[in-house]
Amino acid sequence: MRKPARRGPLQIKGELVNSGSRSDARATKPVIGGRVGARTELDGRSVILLTANNYLGLAGDDEVIERSCAAARQYGSGSTLNPPLATTPLHEQLCATLAAFHGADSALLFNSCTSANVAVACTLVGKGDRIFSDRLNHASIIDGCRLSAAETQIYNNRDLDHLERLLAQPHDGARLVITDGIFSMEGDAADLPAMIAICRRHGATLVVDESHAAGVTGPGGRGTAAAQGCVGDIDLYTGTLSKAFGGFAGGYVAGRADLVRRLHDDGRFYMFTTAITPASAAGALTAIEMVMRDDGLVRRLAENTARLRAGLKALGLRILGEDHPITPILVGDEDKAREFGRVLLQEGVYIGAICFPIVPRGEARLRAQPSAAHSAADIDEAVAAIGRAARAVGLIDNAAAG
Ligand SMILES: Cc1ncc(COP(=O)(O)O)c(C=O)c1O
């Protein structure tokens, strides 16, 4: 039996930047009153929704919703069985399609990417092994590291010299390097070709979380690895169905057959939990097939992203990342970021304020995320509203905000 969760370097104060959410947000969070899309009813009022993970707009797509409903009628509302006991053709087809999407040997479904990340850290390594995890990895990777019996070493965000120094320390056990493909609070990418080379030099397995990249970046939306030309060199991908692929609760791993097999045979977060619903499997499958058939939505998302980023830069706002739809507008002060968000909502645009402890103190931001569902006019209207709100809270001067 594995030892209880190890209290390692992840506990050090200041490193837990991704590990929680503010409870005061609960009191003020708006209530959604209709189908999510470019514009959505929030608290009884239609606003431009510029903060969702609905990258391709498929959470509101008629065909995705229809096939999801049809699967519920055919198979029932839930799976009602743990995955090792039985499956449906929809679940099997979704696995095969996800494997094909990532150019992988095989794939396995989990009921969230959170579960997939925890399963990877707890199943593929154990006592006497080491995990090397980027400081800004998603909370579920951090939690997977905490639950794993392996020792976790954290390297500074995208600092591959640091990673290599840690890997170079003598060690006999297995080594697992895990990174977000796209960092969720910054919108920037891991340097995967360099990481592949480092992992090969040190005999480490490389796991890449493509939650914000699959269906979003790279040619045909095939993700960070595709954008960087190294699809076949990643040992294992983790990903979610909850973002570009229709917004369904569900996650997956895709990659080398031996690793996927181990997760299937030994993954506690796979074995001991109910499979995703047939409705989710059918809807996500529909969404992925649409992306694989036609890259029109991926291209529209890229156009909207470029339009939004150019508009925000012209306003004189500080934005992070380069070309990913995650477009953080840096504010700094937390109260000011919340006020910015409140004023912006009054202006008819909703963007979530991200504050400590999700990001370090003093780095509060509004994280804008355009979708393929937005029209160019929606983006222009949002940029104008952001300008008015930024001027109202003193983030930019009157002349800049126009
Ligand atoms: C990088 C990353 N990994 C994993 C997840 C969790 O995905 P899920 O909602 O499927 O648990 C998220 C969600 O925000 C994420 O940004």
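# Reading a predicted two-domain model

The shell around the ligand is made up of 1 nonpolar, 10 polar and 2 charged residues.

Colleague: How is each class defined, and what kind of model is this?

Modeller: Ala, Val, Leu, Ile, Met, Phe, Trp, Tyr, Cys and Pro count as nonpolar, Asp, Glu, Lys and Arg as charged, and the others, Gly among them, as polar. The model is predicted: local features need pLDDT of at least 70, side-chain atom pairs count only at pLDDT 80 or more, and totals for chains, interfaces and linings use all residues. Residues are numbered from 1 along each chain as its sequence is written.

Colleague: How many residues surround the ligand, and which are the closest?

Modeller: A residue is near a molecule or strand if its C-beta atom, placed from the backbone, lies within 6 Å of it. Here 13 residues surround the ligand, the closest being Ser112, Cys113, Thr114, His138 and Thr240.

Colleague: Thr240 also sits in a strand. What is its bridge partner in E9?

Modeller: Helices (H or I, at least four residues) and strands (E, at least two) are DSSP runs, numbered from the N terminus. Two strands pair if DSSP finds at least two bridges between them. Thr240 has Gly251 as its bridge partner in E9. Strand E8 (residues 236-240) and E9 run antiparallel, joined by 5 bridges. Strand E3 (residues 106-110) is likewise joined to strand E9 (residues 251-255) by 5 bridges, and these two run antiparallel. In that pairing, Ala107 is matched with Ala254 of E9.

Colleague: Are E3 and E9 buried or exposed?

Modeller: A residue is buried if 20 or more other C-beta atoms lie within 10 Å of its own, exposed if 12 or fewer, and partly exposed in between, with C-beta atoms placed from the backbone. In E3, 4 of the 5 residues are buried, so the strand is largely enclosed by the rest of the structure. In E9, 5 of the 5 are buried, so this strand too is largely enclosed by the rest of the structure.

Colleague: Which residues of E9 lie on each side?

Modeller: In a regular strand the side chains alternate between the two faces of the sheet. For E9, Gly251, Val253 and Gly255 are on one side, Tyr252 and Ala254 are on the other, and all are buried, so both faces are covered.

Colleague: What about a helix: which residues of H5 are buried, and what covers them?

Modeller: An α-helix has 3.6 residues a turn, so residues three or four places apart point the same way. In helix H5 (residues 139-147), the buried residues are Ser140, Ile141, Ile142, Gly144 and Cys145. Their cover includes helix H4 (113-123) and the strands E4 (130-134), E5 (151-155), E6 (175-180) and E7 (205-209). Cover is judged by contact: two residues are in contact if their C-beta atoms, placed from the backbone, lie within 7 Å.

Colleague: Where do the domains begin and end, and how do they meet?

Modeller: Domain bounds come from an automatic or database domain assignment. That assignment gives domain 1 (9-60 + 295-401) and domain 2 (62-293). Their centres, taken over C-alpha atoms, are 26 Å apart. At the boundary, 28 residues of domain 1 are in contact with 33 residues of domain 2. Helix H12 (296-315) and strand E10 (327-332) each supply at least two residues of the domain 1 side, and the largest share, 3 residues, comes from H12. By class, that side has 17 nonpolar, 7 polar and 4 charged residues.

Colleague: E10 is also in a sheet. What is the strand order there?

Modeller: The order is E10-E13-E12, an open sheet of 3 strands with antiparallel pairing. E10 and strand E12 (353-354) stand at the edges with a single partner strand each, so one side of each is left without a neighbour in the sheet. E12 is joined to strand E13 (residues 364-368) by 2 bridges, and Ala353 stands opposite Leu366 in E13.

Colleague: And what of the whole protein: how many helices and strands, and how much is buried?

Modeller: The protein has 15 helices and 13 strands. Of its 402 residues, 52% count as buried.
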